[in-house]
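Work through the exercises below with the sequence and the 3D structure at hand. Each task is followed by a worked solution.

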Amino acid sequence: MSLTLFLHSFLISLFFFHNANSLAKDSTTLLDVGNHQVFNPQAKLPDIRTNPLSASKKFEGSSDFIDLKYHMGPVLSSPINIYLIWYGKWANPHKLLIKDFLLSISSKGSPSPSVSDWWRTVSLYTDQTGANISRTVLIAGEYTDHLYSHGKDLTRLTVQDVIASAVKSKPFPVDHKTGIYLILTADDVTMQDYCRAVCGFHYFTFPSKVGYTLPYAWIGHSIKQCPEVCAYPFAVPSYMGGGGPGALHPPNGDIGVDGMISVIGHELAELSSNPLVNAWYAGEDPTSPTEIGDLCEGLYGTGGGGGYIGQVMKDRKGRTFNLHGRRGRKFLVQWIWSPILKACAGPNALD
């Protein structure tokens, strides 16, 4: 579902137990590993009120209150074709960074913990036939709308017009079986509820808009509008003042795009496990489902929960990350709910 600040605050405080004694002191180095260090910045998320409802200390985020169910709908079990729609003006280095993350999902050569290792948790989810979410993710096509053909102020409905234009104006196939459409808007494009309630969301297109039912996700570039919300913890709200650890250094030196990549990971995981909003989610309302990314919002490593991001890695230049990608890239991407562990999981776990 939409990645929201309110859901962000509510879910973590409801489901995640933070055991303060298990956390290292602020910015204390725990372990030297190669050319990086494992550390816990205790970067507490904005406006989180810890509510220790789960007594489990074995897995971060584990809770008896979470009732994730399968609702018999499809998952993306065939090789996943991503059709990228770049809406607005995008710098080529920013495009390349995002594409490196997407291609890292299927990359076999990255050192552990890798983006491919992270996606393994997503691939544990199956449909009613027992078929798992595919571990093969490809960029099948790209479309650039640098003229902002539908304006700079989009809504949840007009973003479907953006998809329709891409399908009609380019040999952009209507791939309703293996395709997902990823709309990435530039930093000067606003979206309905953006920053106030969403950083990204996924849904499916209406036949009346596009002609077909196509799973899609939208993610915005927050650097000019709300980095302290949608690029946290690389930017922090002003009201936190000097009371927190300060902003962490982004792994690729770009607050907006590095923050955007974690949102992309969140939405891709949910889109793959719940493409038509009738597969994997918790809650009784399919129009407002709690999905496998929502359950781990803000959690990046061991010892996290209750608003703390957990133990991550820091390279010699002070840049923070938890995953390796292709071409030497590094990323900081949130954990995903594991159907096996019944808890949030990531390949950089230390226990």
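A polar contact is a pair of N or O atoms within 3.5 Å; within protein, one must be able to donate a hydrogen and the other to accept it, and residues adjacent in sequence count only if both atoms are side-chain atoms. The model is predicted: local features need pLDDT of at least 70, side-chain atom pairs count only at pLDDT 80 or more, and totals for chains, interfaces and linings use all residues. Residues are numbered from 1 along each chain as its sequence is written, and side-chain values use heavy atoms, with hydrogens and water left out.

**Exercise 1. Find the polar partners of the Thr 205 side chain.**

Step 1. Locate the residue. Thr 205 sits in the loop between strand S9 (200-204) and helix H5 (207-210). Helices (H or I, at least four residues) and strands (E, at least two) are DSSP runs, numbered from the N terminus.

Step 2. Check burial. Thr 205 has a relative accessible area of 1% and is therefore buried. Buried means under 20% relative accessible area, exposed over 50%, partly exposed in between (1.4 Å probe, protein chains only).

Step 3. Read the distances. A polar atom of the Thr 205 side chain lies 2.6 Å from the backbone oxygen of Tyr 212. The side chain also reaches the backbone nitrogen of Leu 214 at 2.8 Å.

Step 4. Look at Val 210, in helix H5. Leaving aside neighbours within four places in sequence, Val 210 is in contact (heavy atoms within 4.5 Å) with Gln 160, Ile 163, Ala 164 and Thr 205. Its C-alpha atom is 8.5 Å from that of Ser 165, 45 residues apart along the chain.

**Exercise 2. Is Asn 322 buried or exposed, and which backbone oxygens does its side chain meet?**

Step 1. Asn 322 lies in the loop between strand S13 (320-321) and strand S14 (323-324).

Step 2. Its relative accessible area is 0%, so Asn 322 is buried.

Step 3. The side chain reaches the backbone oxygen of Tyr 300 at 3.1 Å. A polar atom of the side chain is 2.8 Å from the backbone oxygen of Val 333.

**Exercise 3. Describe the largest nonpolar core.**

Step 1. Apply the definition. A nonpolar core is a set of buried Ala, Val, Leu, Ile, Met, Phe, Trp, Tyr and Cys residues joined through side-chain atoms within 4.5 Å.

Step 2. The largest one has 78 residues, and Ile 98, Leu 184 and Ile 264 have the most contacts inside it. Helix H7 (residues 255-273) gives the most to this core, with eight residues.

Step 3. Follow Ile 98. Not counting residues up to four places away in sequence, Ile 98 touches Trp 86, Trp 90, Leu 184, Val 257, Met 260, Ile 261 and Ile 264.

**Exercise 4. How do H2 and H7 pack?**

Step 1. Check burial of H7. 18 of its 19 residues are buried, so H7 is largely enclosed by the rest of the structure.

Step 2. Take the geometry. Helix H2 (residues 92-104) and H7 pack at about 35°, with axes 10 Å apart. Axes are lines fitted to C-alpha atoms, for helices over the stretch in contact, and angles run from 0 to 180 degrees between N-to-C directions.

Step 3. List the contact. H2 contributes His 94, Leu 97, Ile 98, Phe 101 and Leu 102. The H7 side includes Val 257, Met 260, Ile 261 and Ile 264.
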